[in-house]
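I opened my notebook to keep a record of what I looked up, one entry at a time. I wanted to begin with an annotated site and then turn to the nonpolar interior.

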Amino acid sequence: MRNIYLIGMPSSGKSTLGKELAKNLGFSFTDMDKLIETREQKTISEIFSNQGEAHFRELERKTLHGFQPDQSMVIATGGGVPCFFDNMDYMKKHGISIFLNVELNDLAKRLYKAQGNNRPLLDKSQSEEAVIATIKKTFEERLPFYKQADIQVDGEISVNQLLWLIESYVPVQ
């Protein structure tokens with residue numbers, strides 16, 4: 001079966017939901033950020049610091065294009081993956097893309113709590129208000145890409161609801 005690509009902001013639940021979804025479908029699960037960190041033997045923050053965002057985005061592109069189209073995988077992408085190169089087109093062509101849309105205030109709270117956890121686009125010394133402003137700006141920049149997903153769901157969706165949506169999904173030709 002075609003791969004399933006979960007897209008959305010950091011802390012939107014892509015990895016958590018992705019693992020459950022893969023288990024229910026009998027698919028394998030991959031977190032792109034963790035795969036890149038393993039291959040590079042550096043954290044995402046270290047890659048950003050040492051080699052820059054452009055290098056990291058190229059690593060994301062190469063990783064994404066390295067997945068075979070029909071591997072029966074659920075892939076949790078990094079938050080910026082759909083926004084660079086032809087990545088969104090690639091995901092739509094080679095699988096089903098699903099946007100996990102988490103309400104902005106909930107997302108901000110999750111990210112503020114996790115800001116020490118390898119989030120290169122957040123300044124760890126910022127106040128909660130500054131973090132929220134950064135998240136809002138980033139979300140607004142990425143939303144046009146996220147909205148191109150084949151399926152858009154509320155970030156609080158259950159695995160069973162998502163399974164039903166995937167089974168019901170008929171791509172527009």
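The entries below concern a predicted model.

Entry on the annotated site. I looked up the unreviewed UniProt entry, which lists Ser11, Ser12, Gly13, Lys14, Ser15, Thr16 and Arg119 under "binding site". I chose two of these, Lys14 and Ser15, for a closer look.

Entry on Lys14. I found Lys14 in helix α1, which covers residues 14-25. Is Lys14 buried or exposed? I noted a relative accessible area of 8%, and because buried means under 20%, Lys14 counts as buried. Not counting residues up to four places away in sequence, Lys14 touches Leu6, Ile7, Gly8, Met9, Phe29, Ala76, Thr77, Gly79 and Leu100. I also noted that a polar atom of the Lys14 side chain lies 2.9 Å from the backbone oxygen of Met9.

Entry on Ser15. I placed Ser15 in helix α1, and its relative accessible area of 21% makes it partly exposed. Leaving aside neighbours within four places in sequence, I listed Phe29, Asp31 and Ala76 as the contacts of Ser15.

Entry on the nonpolar interior. I looked up the largest nonpolar core, which has 22 residues, and wrote down Ile7, Leu64, Met91 and Ile135 as those with the most contacts inside it. The elements giving two or more residues to this core are β1 (3-7), β3 (73-76), α5 (87-94), α6 (104-113) and α7 (128-146), and α7 gives the largest share, four residues. Apart from this core lies another, of 17 residues, including Ile4, Ile96, Ile151 and Val159.

Entry on Ile7. I returned to Ile7, whose contacts beyond four places in sequence include Lys14, Met91 and Tyr146.

Technical notes:
Residues numbered from 1 in each chain as written. Predicted model: local features only at pLDDT ≥ 70, side-chain atom pairs only at ≥ 80, totals over all residues. Heavy atoms only, no water. UniProt positions renumbered as here; feature names shortened; annotations may be inferred. Buried < 20%, exposed > 50% of the residue type's maximum accessible area, 1.4 Å probe, protein only. Contact = heavy atoms within 4.5 Å. Polar contact = N/O pair within 3.5 Å; in protein donor to acceptor, adjacent residues only side chain to side chain. Core = buried A, V, L, I, M, F, W, Y, C linked by side-chain atoms within 4.5 Å.
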